[in-house]
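Trainee: I would like to learn how to read a fold from its model. Could you take me through one, feature by feature?

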Amino acid sequence: MNECYIELSIPFYPLIKPVEEFLDNWPENRMDKLIDISYINPIVVEYFNSYEIKIRENFILWKWITKPKYPRLPHTDGDWRSVDTIRKRTCGINWNFTPRTRVEFYSKDGATPAFDDRGTYDFSTNWKNCNQIVATWNTPGPVLFNPQIPHDIKSDDDITQRISLTLRFYETFESMKEKLNV
């Protein structure tokens with residue numbers, strides 16, 4: 001079974017208006033924008049309520065630069081400094097709005113973790129020598145995304161940005177799998 005991401009059958013558009021309308025007034029020098037949950041389609045909210053899964057108070061709209069000036073390392077959204085005390089980030093359900101972009105997931109075999117602590121909720125681990133792609137998510141979604149697998153955003157040569165959405169929860173990848181029975 002693929003533990004990097006799981007395709008979900010949620011046939012509803014996640015937002016109450018087209019994603020393009022959220023791109024105005026983008027924060028300078030930011031890849032992400034927190035937006036109040038009131039802009040999520042109420043049918044999507046009810047879907048998760050029916051599974052007794054609480055959605056966080058805001059979601060993230062991403063405007064990834066797919067061809068950064070300095071190449072990024074694959075990363076995990078969490079703290080991997082110690083195997084015994086892994087601090088996991090909560091997971092999300094993701095939608096991609098930019099065709100011909102993808103998330104590549106990598107094996108940790110032979111890779112070296114380097115923790116990047118930017119605050120209580122903003123921390124990740126970069127992985128040096130992560131070369132073996134183990135899965136690729138290249139559909140619109142939605143997918144249950146495992147933030148504990150090293151990953152990076154990629155695109156076809158002529159695409160320079162990727163617009164995507166992460167609906168956030170107070171759950172880990174494992175607890176979401178269990179609650180959604182996937």
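Mentor: Gladly. Let us begin with strand pairing: two strands pair if DSSP finds at least two bridges between them. Here β1 and strand β12 (residues 143-145) pair in the antiparallel sense over 3 bridges, and Y5 stands opposite F145 in β12. Please keep in mind that this is a predicted model.

Trainee: Thanks. How many helices and strands are there in the protein?

Mentor: The protein has 2 helices and 14 strands. Of its 182 residues, 46% are buried. Among contacts with a separation of 6 or more, 83% are between residues 24 or more positions apart.

Trainee: In which order do the strands of the open sheet of 6 strands come?

Mentor: Reading across, the order is β1-β12-β7-β14-β3-β2, with antiparallel pairing. β1 (5-7) and β2 (32-36) are the edge strands, each pairing on one side only. On average, neighbouring strands of this sheet are turned by 25° against each other, direction ignored. Helix α2 (residues 173-180) packs on the sheet, where α2 touches β1, β7 (92-96) and β12. The direction of α2 makes about 150° with that of β12.

Trainee: How should I read the buried side of a helix?

Mentor: Start from the general geometry. An α-helix has 3.6 residues a turn, so residues three or four places apart point the same way. In α2, the buried residues are F173, M176, K177 and L180. They line one face of the helix, because they fall within an arc of 105° when seen down the axis of α2. These buried residues pack against β1, α1, β7 and β12. Just after α2, N181 takes a positive phi of about 55°.

Trainee: Now the interior. Which residues touch the most other members in the largest nonpolar core?

Mentor: First, the general idea: in soluble globular proteins, nonpolar side chains tend to be buried together. In this model the largest nonpolar core has 27 residues, and F48, I93, L167 and M176 touch the most other members. At least two residues of this core come from each of α1 (42-50), β3 (58-65), β7, β14 (161-168) and α2. M176 is a good one to follow on screen: setting aside residues up to four places away in sequence, M176 touches F48, I53, C91, I93, L144, F169 and E171. Another core, of 13 residues, lies apart from the largest one, and W62, A135, W137 and I149 are among its members.

Trainee: And strand β8: why is it described as largely enclosed by the rest of the structure?

Mentor: Count its buried residues. In strand β8 (residues 101-106), 5 of the 6 residues are buried, so the strand is largely enclosed by the rest of the structure. Then look at its partners. β8 and strand β13 (residues 151-155) run antiparallel and are joined by 5 bridges, with S155 of β13 as the bridge partner of T101. β8 also runs antiparallel to strand β11 (residues 133-137), through 4 bridges, and there Y106 has I133 as its bridge partner.

Trainee: How do I tell a stacked aromatic pair from an edge-to-face one?

Mentor: Look at the angle between the ring planes: under 30 degrees counts as stacked, over 60 as edge-to-face. The whole structure contains 10 aromatic pairs. The rings of W62 and W64 are stacked, because their centres are 5.0 Å apart and their planes are at 20°. W62 counts as buried at 18% relative accessibility, and W64 counts as buried at 11%. By contrast, W137 and F145 form an edge-to-face pair, 6.3 Å centre to centre with 70° between the planes. Both W137 and F145 are buried, and they belong to one aromatic cluster with Y5 and F105.

Trainee: One last case: is C4 buried or exposed?

Mentor: C4 counts as buried, at 6% relative accessibility. C4 sits in the segment before β1. Leaving aside neighbours within four places in sequence, C4 is in contact with F105, V134, A135, L144, F145, N146 and I149. For a view across the chain, compare C4 with P150: they are 146 residues apart along the chain, yet their C-alpha atoms are separated by 8.9 Å.

Terms used:
Residues numbered from 1 in each chain as written. Predicted model: local features only at pLDDT ≥ 70, side-chain atom pairs only at ≥ 80, totals over all residues. Heavy atoms only, no water. Axes fitted to C-alpha atoms, helices over the stretch in contact; angles between N-to-C directions. Contact = heavy atoms within 4.5 Å. Core = buried A, V, L, I, M, F, W, Y, C linked by side-chain atoms within 4.5 Å. Buried < 20%, exposed > 50% of the residue type's maximum accessible area, 1.4 Å probe, protein only. Arc of directions from axis to C-beta. Phe/Tyr/Trp six-rings, centres within 6.5 Å; stacked < 30°, edge-to-face > 60°.
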